Structures are given as structure tokens and as C-alpha cells.
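Me: I'd like to go through this model and check the labels people put on its parts. Could you take my questions one at a time?

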Amino acid sequence: MKALLLILYEAGHELRAGLRSGIVTLVLLGLPLYLLMSLTNAEYMEKMAATDIPRNAPSLIYLMSTGCMFFLFFAWAWVFAQALLRDRQASLHEIVLSAPISLRSLLFGRFLGAAMVGTLLGGSVIVGFLCAPLLSWLDLVPTGTITAPAWQALWFSWLWLVVPSAFGIGALYFMITLRTRSMAGAFGLSAVLMLLWMIAVVVLEGGDINPFLAAVLDPSLFTLTHAQVESWTPEQKSQALLPISREFLLNRGLWCALPITGLAWLVTRVRRETLIFERTERPSRHAARMPELVCPETHPGPAQTPRWWNATATETHWRLRQTLRTRATLIGAALLVGVGVMAAFVHVIWHAEGPFQPHPDRLLPLLMTTIYLVTAFLVAAIAGLISRQDDVEGLKDILDAAPAPAFVRLFALTLTLVLITLILALLPGVAGLIVTALVTPESLALGTTLIYQTLVMAPALLELAMLALLVHALIRRPGLAYAASMLVTFTLVLNNELALVHYPPYKFGIPVQIHFSALTGWEPWRAYLLAMDGYKLGVAALFVALAGLVLPRGKLGRLREVRMRVPGPIGGLGLIALLGVIATGALLHQNLVTDGAYRSAEQEQRDQVGWERSTARTSGDFTAGGGELILDLDTLTREVQGHWRINDVHADTGVLHAELPPGFSLTSVQVNDQPASATAAHDHLILPLGSCADHGCQVELDWTLSLSGWPTNDHLPVLGGNQVWLRADWVVPRLGIDPDRAVRAPAERTRYDLTSEFIPPSASAAVPTQGVAPFGQWRWQLNVRRADQIWSEQGQTRGTLGFSLFLPDGAYTLKRDDLNVTSDPSRADVAKGVADDVRLMQACVSRRLGTSIEINDVVQWPRGLGGTRLAQDVLQLSEAPNWDVADKGTGRWLRQAHIAEAMARHYLTSASDLRRGHGSAWLSWGVAGAVGLLCVGDENGIKALRAVIQRRAETATQSLVNSSIPVSSLENAPTTGWARQYAPLAALSWTVRQTSSDLNSLLADIRHRQDLAAALTARLGAKPASRLLGPPLSFSPKGERWRWQDGGWQPLPSPADYHRLVRREGRIISVSGDTEKNPGVLLDNWPAYPRFAQHSESHDKPWLGDTNVE
Amino acid sequence: MAKPTGLVIEDLAKTYGNGVRALDGVTLHVAPGMYGLLGPNGAGKSTLMRTLATLQVPDRGRFSLDGEDVLARPDHLRQRLGYLPQQLGAYPGIPARNLLERFAWLKGRHQRLERRNEVEVLLDKVNLRDRAHQAVSTFSGGMLRRFGIALALIGAPRLLIVDEPTAGLDPAERNHFHRVLAEAATNTIVLLSTHIVEDVENLCDRLAILAGGKLLVEGTPASLAAPYQGSIWEAALERGDAIPDTALRVLPHPRGARVICHSEQAPDDRFAPRPPRLEDVYYLALERTGATA
Ligand SMILES: Nc1ncnc2c1ncn2[C@@H]1O[C@H](COP(=O)(O)OP(=O)(O)OP(=O)(O)O)[C@@H](O)[C@H]1O
Ligand SMILES: [Mg+2]
């Protein structure tokens, strides 16, 4: 009885202490507010694949509750450790421990109290979701996007996710603090927990090694939740509870039941004595080895004129030694490198869509993103720990009363942090180098690694480190300061994950987004990267200066101290930093916004809406007979001048539409040699033709286009020094209307008063699927002024107008027969494989389509420049992943499929003069993709075909359930979203049974009618045609069949009707019936894709990294 | 005009945020040598010392060291200051020698050799040389005080402020410490606060008694005691004997109490005259303000 009372008393006391510490208030206010803020952001919803479901749907509750565990790990560390350390800090521990009370009850009480505080902190997300209806009440979100609270899911999260974690993880913190009796022990444990999470997410789950183990091992339960939610359809996302599976229970057992049992055991064994004494460490070896100093006779007397910069250096050295020479540092660094190496192996070398070669341009970004989150928290924690190191009673006063000006200790601290941050930033690079040295020693790139880690990763980490420093200087109470700095770090990192912030300079704590490619080198990124780095360093320095100004000294008034410090070095640093931030900020604004194409998400959406409103009224069919285009490009002034004469323009509505590239500015426009007035708004040109529209007008456009801006949307710049890579549509208007530009999310459409569903224009009004102008007799001329020479190229075509230009610097060209393959020199080996694949696929596609695909050049198309495309006789093969895959394996087959698909698409779209109208995705992505898959089978056999279908099917499932736009029918889908993944698989069954003459007559029909749906209906009948173009269908080998409807898979009554793909005489054909001897690949006669694996040996997860489609 | 030497404090006042008036118009002149600060708990000694150590700013008043106004130029004082606060925590995990050295460069000693020498001399002075490789956090209470004293002596300060430095020292160490202070005091202003009146009496050239934030008396021990010559009486009373109202102090002893009175005449015949001690002066001063414990 007495024991129980004591437990309750202590628990209550601990709870009050926790509440008073300010951490609870901070978190309970900060986290819900942040959550509410992100719920108002549509972009975030898109990132969470939650456009089709309420913004407070159960799936989001689970994801957020487990997602913020990263932050909670640190907050809990403080809360639970304080329960044991508070007495000691007040030197009361001996009194408390000598009291005639039961030690067990005391400790249990403390733990219980801390756990209550912990659950309060953990519940903050739930509080946020409870407040979510406020948002719709305040009209901050579109109506209907927030529903009544999902009580069941909230209870579930609270009971199964939050409370067990708070108690279990708390027990771990409690135990480690009992053992180490220091804050560092608890913080060390939180770092270990983060690392475990990382191993689970990055290695076990991400690398498909063992998702089960990953789900069990991840202390936050995020891995399990994420994997579960990812496979849910929107319908499930807005209703389901997390299934309490075996791994779920094991996880809770491991992270809740086990630690609590452990704690119970430990508490019964702990003795008062062990709690009273400091842990004695063995004297360091260094100290023991120190030679016996001869004691000098005399004291050297008062110090002469001090040299404070000298002292700063000594202090920095001292701090560095204190921090770096500990065992924890070594172990931590080794662990991080180890995880990096593992991540590299699973994501590169053993990748399911690989194997890949560890080229630095693939490896380094990957390692950075996988390790970044952990490093960010680590940096913030270390910054806190070392800036609080001097917080020892009395000693702090002695230090404050010392003559050293405030800047000495501050700058030393800063420099130490800078160095530690740099080391942390280099660790992924070390991991990368190790992996490269092990696998492909010839592609070791020390310089590139060093530059990448220091210029891309380190500056962002520095921002975080210095921000943590500032928070600790501002907030005197250490617990509150830790919690606040972790919360800030969490929100900054999350801002990026959730796409809440767009403008690159405002992405604090986030690495500069660039696409480094060995082919382009640093040149195209240099100016942007350096400006961003300068800006980030400026911001970091500004944080340091602010920290220096507000850093408390003794109990001196802050304002007075600020005034005293402003004239000193701290103020000087602040001024320099401020000027630096302003200068680089202005430079960035100039190049991103004024000269560049940067637009906020809001602005972009308004442009889309404006575009839809202005095109809807006058959209109509148009044709052009052909014409002549002249482009002058100056690499020095970075300007393009265009002149385009278009003959024989017919337009039903008397208006010619064209989509404009960014940076476009119209200088003159003439219709039949008469000046005409056109409006160019929302990146769209509307040109009224007048009376000649019925019998054919001659239109002449003149424009200039500036390429001087910096890349936005991490798109590689078009020009880099002397290098040029260009596609016609980047500098030339595309004639017609592009339905892909429409806003599709229903909530956003209602917000802008648009019709509830977007009605695409007719095919003859749309832009061509590839290139800039529809079928015609076109001629073009390109003049590039490059250094002192002019480089010219001309061409002509009878077809769609599209061309590209690629002038790399220092590239390697492989000549094979009559094929030229251009790549960066480090990929000379890959080039051979690519050449083989191109020749192989060229033959296959030509055979399957009954044509002759012409290709003379293959070029490595750098990362960040869009997808693969065949233009004229040049195949631009995107670098990622096609130039990274190794010689053997699934990756190689996928590359062949990809190459064949690009060739097929080129032929299919130009032979049918296809435009982006109704159903174009079925032909340009579906049939082309199917041909690609079949060619892999033709050349490599059924095993290869099965492997690529398997990979594609998983990607398709993912893209459907996680689509950022509602999934309707293939006919109306934009060609940028889920249609790309789904269409090839759905078209496979149909495509395999077409002969080349069937196909060609369909193409001719489409070209003639300019209506794909009508052409298909005429050939196949209404039902089959509408199935081909309808909503997604899928089947399982067990005979079930589903259709996608209302955000989920709905079973269909009719069972799947199988046929099989088998290989006969080097060609994949379809056979009907169930021949057991010849397993082949099972397909449904309907255009449905195999949603479940046909062979259970592989249950890989698709990899949703780079997409190499355009 | 020659600048005044020593520490000149004029009308210093400090009221904390919670309304406690910890210093209330303190004016003092402290010349080189040992200077004692006496006062009951909460008298404001630590407040005065923290203020002098430039860790907080007074609400009113000013003070100067060797003629330099400290509030205007705190760095002048900081460069000449050794400060040992009342409470000293243990810095975790770092050896004492290492920490002393760090403090030396923060006090402006930039030459490595000088720094090393100084640290060794000081460690020797406080008898810690053989323990200097140990982490400060493993020191005993007395060792920690000694370590603190070494910290305060770094840089041969002109002004040494030590707040109850001898608390927790064993008699031998206390004695040793007094010698160290006395040695330092030849050219240094040593401001020492303590509750042990005897220490002040033996050590200090001058002293001040502080209570309730006010300065009660100030002078040399002898000059403070002189006025009471012949008016202090002492008697040993049995248990149960009546204690006169005029009793200044009642000191318990095994069979009763020793009572000390202050009056012109002996209160009764049990009392015998006794030469005034500084302790008597202290109690008398407090009695006058009604601040007696
Ligand atoms: N930081 C503070 N905030 C508020 N009041 C304070 C603070 N520090 C001291 N005080 C109050 O100021 C008064 C003087 O305190 P101070 O510590 O200067 O006394 P002291 O003479 O050093 O006492 P002791 O002999 O017990 O150390 C006390 O009433 C104390 O409660
Ligand atoms: Mg005191």
C-alpha cells in the first residue's frame, strides 16, 4: 500500500516536473501546428499519395504517428533521463537515496511519470489530427477534404503505436540512464535507434532483403506502416486499421514488452550505491603516459597582452580533441560508414532492377539521401551537446568571468561544429569509395566524391548545426532547447519530404538539388551550386552571429550584451553574413525568378487554371502543311532567336494555339505577311488567324528565348559552358494544346471553379505526342555560336517536327559498324553493351512493326534532362538507369525493353501522326511498351520476359495506388502519370496477337481519322475497345479479375480468361489453353495486368527511384 | 590626479526579479591585501561578488578597479580577475590539468610553455599535482575546492574574489589554503567571503559585515573591536539557570551554556569581563539591525 502510494506520488511529481519543463507545451503546440499547416498544403497531400482521400484519413494518421518517432526519440531521451538525473543536478540525489523509502517504488514511480509525459508528447500528432476539422471550419482547406475524425484509427494509433512506444522505448532510456547516469548515454541510445530505423528502412526493406525483419526491427514501426499503407488502395487508406500481423506483434514485443520486462528486472537489482557515485573512468591512456613534468619554480606572472584569435585556435583544437578522441565518435563514424556501405550494396549492386555499377553519379546522391535524415538529427544533437558542455555550475560562471571575449568560445565552438559536420558529410563519401574500390576500382573518383560531399551535402548540414547552436543560445533551459532544436530539425527535414517549401533558397537544411552527371561534369551546375552554397553558408554564419549576440554571459542583461557585442567580431561576422545572404539571395532571385523559370507551386497552378480557361473557349482542330524553322543559339549571351514560317495553317475555330517553353518572349507575329496580334499568357500562345483560317494561312513567328536562368525543378541547364543539349520543345512553341497541363485533382478544380472533370480537347486540337508540330513538310536550321565558331545543322522531314542537339565536351565516342555511341569516358565499357542492345532491339522492333527503324547515333542523355527519346536517327538514351546497369541481370533486360519501347514509340506515333488526345497513351506508351517487353522475350527468352513483366507490374501497382491524380480511364489519363506504368502491361495481351500488317493498318486508320478511340472501335468492336481504353484492369493467376473503381480494386464477376506467352523460334507468341509442360507467362485475354506474382520465388518491392521515362 | 588604487565600490544596489533586494547601497574601498566579507546567509555576499565579477549588472551605483570604471570597461577587470564561485560543479570526463590549461588560454595566456608552467605551479600550490590527470568529476569535495582555487589563481590576478573557499576543506588544507591566499595578497586585492569569523580575524587586514544587502560596519578587526573594550561580559551558566535578556550570544556547552553579554556593567556577579572578539562585533552589528539569527 505504502509502496503504491509512493509510486503514485513519484509519478505525479515526475509528471508535474515534465509539464513544467516546457517541453510538453512546446511539442503539444509545435507538432500539431506543423501538422495542421501541412494538411492545408495540397502538394504535401500529393507527396503522401493522398489526393483521393481525406486529408485526415487513417493512413495518414498511422504514417504521421510513426513518422514523428524520429523526433520523439530525442525528446523521450531527455524526458526519461531527466527522471533519474534531476536529483543529481540539484545535488539532492544523496538525500533522496538515503531516504527510508523503497528504491524500486521510487524508480517505478519516476518511470511511470516520465512515461506519462512521454505519451503526452507522442500523442501530439493525434492532437493535431483531432484539431484537423478546425481547418475546414476556418475554410483553410477545400471543402470535403477533411472529414470527421477517424476515431477508430486515432484510438488504434494511440493504443498500439504511441503508448507502447513511449513505455517501451522509455524503458530503454531509463535503463541506459540507470547504467550510465548521464544524458550522453540516453542520447547515444537515440542515435542507435535512429540507426536501427535506417538499417530497417534502407537496407532490409529498401533492399528487399527481409521486409519481415525490417518491420520487426524498426523501433518506430514506420517501416511496417509505410509498407502497409503503400500497398493500400485509396479506399483502404481512408478506412482500414493497420492489420495486427505477426510482425506487428513481434515488433511491439521487441520494443515494448521486452524493454519493460528488462526494466523491471534491472530495477529490482539496482542498488543505491550504484546510483550515487559518478561513473569512474579509467584514466585515459594519454594522461597515464604523460611524462612527469618538472615543476617550475616560479609562477610566470600576469598574462601579457592577450591574443584572442590565438586563444580561439587553441580552444578549437581543444574542443575538437575532446569530441573526436572519444570512442563513441569512432564507433559512430564506423557505424555510419557501415550502413552506407550496406545501403550502397543493396541499392546499387544487389538492386532488383540492377545490378548497377557504382558510378559516383549514381552512388553519391543515393548515399546522401539515405543517410541524410540520420545525419541531420545527429548534427543537431551534437551541436546541442557540445554547446552545452560548459553548462556546469560554477564553472560556467568562472568561464563567463574570464577575460576572453564572447567570440572566443563561440567561434571555437562553431569551428569545431563545422569540422564535425564536414566529417559527417564525408562519411557517405567514404562508404561510396569503399564500395567502388571493392566493385569497380577503375571508376574510383576521389575528387568528385570530395566535391559532392563538401559542396552538396555539407552546407545544408551546416545550416542545421548552426541553427541548433542558435536555439541553444536562445533558450537557456537545456531540456527545452534540445526539444526545440530537434523539433526545428524535424520540421525542416520534413518540409522537404513533404514538398512544403519550393523556392530552393528557402529549403533550409536541405542539400542543393542537382543532377550531377559524369558526362556534363560540374560545369553546368557550378554557378548555381556555388551561389546556393554561398547562401547556405551565409545563413549558417548569420545563425552563428545571432547566437553570439544572444549567448548569455553570467546574468548580464541580453540587450545590453547585444549592444556591446555588435561592434565586435560577432557583429562583424553578422554583418558579413547578412551581406552575403543578401547578395547571394539577390543573385539567386535574379537567376531563378527574374531570368529563370521558377514559379511557386501556387503560381504554377494558377497558370494551369488560366491556361485551361483561355484554351477551353477556342480550342479546335488544326493542321499545318509544313514550313521552315531557323534557330540561332548563342552560348555566350545564352540567348536563342527563333524564326518560324508555318504554311497552310487550317484552324476550325480560326485560332492557332501553341504551348510555350519557359523564358519565351514573342517579338513579332505575322499572318499572311500582315502583322497580327497574339496573346502569350500562362505559357500559352493564342493567335487569331482571321479569315484565312479556312483556306490556309501563312504564319510567321519571331521570338527570343533566354537560357540564362538557373535550373528550376532540378532540371539540368540547357547550356554548360561550351556544351549544349537541346530538344526542340525547350526552345520552340509546340503547336496545339497539351492536355497534360490540366489540373486534375478534383479538390483543386473545385477550388478554382473549374468543371469537376477536365475535358480534354479533341486529338486534332492537341499537341503532337513528340516534337513541336504535327505532320507536315518541315525544314529546320540550327546555328550555334560556340566560342568563336559557328556550328550549323540543317534537316528536313515529312512527318512531325522534332529534333535535338547534343554538343558535349570531352565525350567519348564508340564506333561500332555504322553506329556511333557517345558517352562519358568513364562509361566506355557500358557503351559497348548499349551498342549491342540498340542493334538487337532495332532488329526486333523493325521486325515486329514491319518497318525499318533507322538509328545512326546513340547518346548518353544526362541525368535531369528528361527521358529517352528517338528523334530523327538519334537515340537519346537517358543516363539513369540505362547507363548504370551492369552487363548481366534484370537491369540489362529492362534497358533493352526501354530501348525497344523508345524505338517503337517513335515509329508508332509518327506513323499515326499521333497527338496527345483521347487514348494516345494507349498507343504511345501502351503498345510501344508492350513491343519493348516482347522484344526482351524474343531475344532473351521467357525467363527474361517474366522478370521484366514482374518488375513492371509491381511498379504499375505502386503507381496506381499512389497516384497523385484520381485514376479514371486510360483514355482520359494524362500521359505523365500512372498510365505510363499501366498501359504497356495492359496492352501486352492485345499487342502480342497483332501482326505487323494489322498494326500498320491501324496506324494508318488512326492517322486518317485522327481519333484513336473510333479507329479501335471500328476494328475491335465497342466493348473490347472500351476495355482497352477504360479504367485499369488486373487479374491474378488464381483467376480473379478486378477493375479500378472509386479509388480501389473492385472484383469483377467474370473470371480471368487465360492465354500464355511462350517463345517459339525466337519469337514470343500467344498460345491458348493450359499446357503444363510449357509454363510461359500467364496473361488474361482482357487487357488486365498480372497484379500478383506468378512465381512466388520473388517478392521484391519495386524500386521507385529515378524514372527513366519522359 | 592620481588614480585611486584598489577596488572602489560606490552605492551598489541590486534587486532581483523576484523582488529580493540583495544589495542596498553598498559603498566600500578595498585596498590590496586580504579583505573579509562577513554576513549571515542571504546577506548578499554572493550577490556582491557576482556583481564584482561582472556576471551581473547592478541596478545602481558603480565600481572601479585601480581607477578604471568597471561597468564601462568590464574587460579591464576581467583581465585582472580571479573568481571562485560558491558552488563549483564537476566538469565531466576531463582531466584537471587539461581544464586548467584551457582556462589559462581563456585568461589570455597564449604561450604554451608559460601556460604549462603556470598550471604546474598552481597544481603544486594546491597539492593536486599527483591527481591532475584524473577527471575533475572524480574529485572529492575538498579536492574540487582546491581545484577551484587553482582556477581562480590562473593569470596572477590583481583582484581575487573567493566565495566561501574553505567550505569543505580539512583543517590542514584550510591552513594550507590560507597560506596560499596570504601569499597572493602581497600585491593582490583578495576579497574573501566566509561565515567563519575566526578566519577573517586571523587573515584579513580589513573586513566588512553585510546583512540584508546593507553594509553594517567596515574596518580592521582591531579597530572594530576597540569600542567594545570593557563592555563584553561572559559567564558559564548551569542548565536551568536564568539567562539575562541582554545576552548577546548563548553558546551551549556540556553542562549548560556559556553566555556572552554586552552592557556597560556586568549584568550580575556571575559575569566576568572579557576582551572583545571579532565574533562579538559581528553579533553586535547584526543585533543592531535586528538581523540576528
Ligand atoms: N538568482 C537569484 N534570483 C533571485 N533572488 C536571488 C538570486 N540569488 C540570490 N537571491 C536572493 O538574494 C539574497 C542574497 O543572496 P546571496 O546569495 O547574495 O546571499 P549570501 O550572502 O551569499 O548568502 P550565503 O551565505 O547563504 O551564501 C537572498 O535573499 C537570495 O534569496
Ligand atoms: Mg553566498
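What follows is a set of questions and replies about a predicted model.

Me: Let's start with the metal. What makes Ser46(B) and Gln86(B) count as coordinating the magnesium ion (ligand 2)?

Reply: Distance does it. The cut-off for a donor is 2.8 Å from the metal. Ser46(B) through OG and Gln86(B) through OE1 sit at 1.9 to 2.2 Å, so they pass. Ser46(B) belongs to helix H1 (residues 45-52) of chain B, while Gln86(B) is in the loop between strand E6 (81-84) and helix H3 (96-106) of chain B, so the pair links parts 40 residues apart in sequence.

Me: Why is Ser46(B) called buried, and why is Gln86(B) called partly exposed?

Reply: The line for buried is under 20% relative accessible area, and exposed starts over 50%. Ser46(B) comes out at 17%, so buried is the right word. Gln86(B) has 32%, which falls in between, so partly exposed fits.

Me: On to ligand 1. Which residues come nearest to ligand 1, and where does ligand 1 lie?

Reply: Ligand 1 lies between chains A and B. There are 17 residues around ligand 1, and Gly42(B), Lys45(B), Ser46(B), Thr47(B) and Gln86(B) come nearest. H1(B) gives the most to that shell, with four residues. By type, the shell divides into five nonpolar, eight polar and four charged residues.

Me: How do you know that Asn18(B), Asn41(B) and Lys45(B) make polar contacts with ligand 1?

Reply: The pair of N or O atoms has to be within 3.5 Å. For Lys45(B), a side-chain N or O atom is 2.7 Å from an oxygen atom of ligand 1. Asn41(B) has a polar side-chain atom 2.9 Å from an oxygen atom of the ligand. For Asn18(B), the distance is 3.3 Å, to a nitrogen atom of ligand 1. Each of these values is within the limit, so the contacts count. As for cover, ligand 1 taken alone exposes 620 Å², and the protein buries 70% of that.

Me: What makes the span of helix H7 (residues 103-122) of chain A close to the expected one?

Reply: The helix has 20 residues and reaches 28 Å from its first C-alpha to its last, against the 28 Å expected at 1.5 Å a residue. As for its surroundings, 15 of the 20 residues of H7(A) are buried, so the helix is largely enclosed by the rest of the structure.

Me: Why do Arg638(A) and Asp648(A) get flagged for their phi?

Reply: Most residues other than glycine have a negative phi. Arg638(A) has a positive phi of about 55° and isn't a glycine; Asp648(A) also has a positive phi of about 55° without being a glycine. Arg638(A) is in the loop between strand E2 (626-634) and strand E3 (639-651) of chain A. Asp648(A) lies in strand E3 of chain A and is partly exposed at 38% relative accessibility.

Me: And what joins Ala880(A) and Pro881(A)?

Reply: A cis peptide bond, with omega about 0°. Most peptide bonds are trans. Pro881(A) is in the loop between strand E20 (874-878) and helix H31 (890-911) of chain A.

Me: Last one: is Arg749(A) buried or exposed, and what polar contact does its side chain make?

Reply: Arg749(A), in helix H29 (residues 746-751) of chain A, has a relative accessible area of 0%, which is under 20%, so it is buried. Its side chain is joined to that of Glu612(A) by a polar contact of 2.6 Å.

Definitions and conventions: Residues numbered from 1 in each chain as written. Chains lettered and ligands numbered in written order. Predicted model: local features only at pLDDT ≥ 70, side-chain atom pairs only at ≥ 80, totals over all residues. Heavy atoms only, no water. Donors = N, O, S within 2.8 Å, 3.2 Å for Na, K, Ca; no water. Helix = DSSP H or I, 4+ residues; strand = E, 2+ residues; numbered from the N terminus. Buried < 20%, exposed > 50% of the residue type's maximum accessible area, 1.4 Å probe, protein only. Expected span 1.5 Å × (residues − 1). Near = heavy atom within 4 Å. Polar contact = N/O pair within 3.5 Å; in protein donor to acceptor, adjacent residues only side chain to side chain. Areas by Shrake-Rupley, 256 points an atom, 1.4 Å probe, with all protein chains shown as cover. Nonpolar A, V, L, I, M, F, W, Y, C, P; charged D, E, K, R; others polar.
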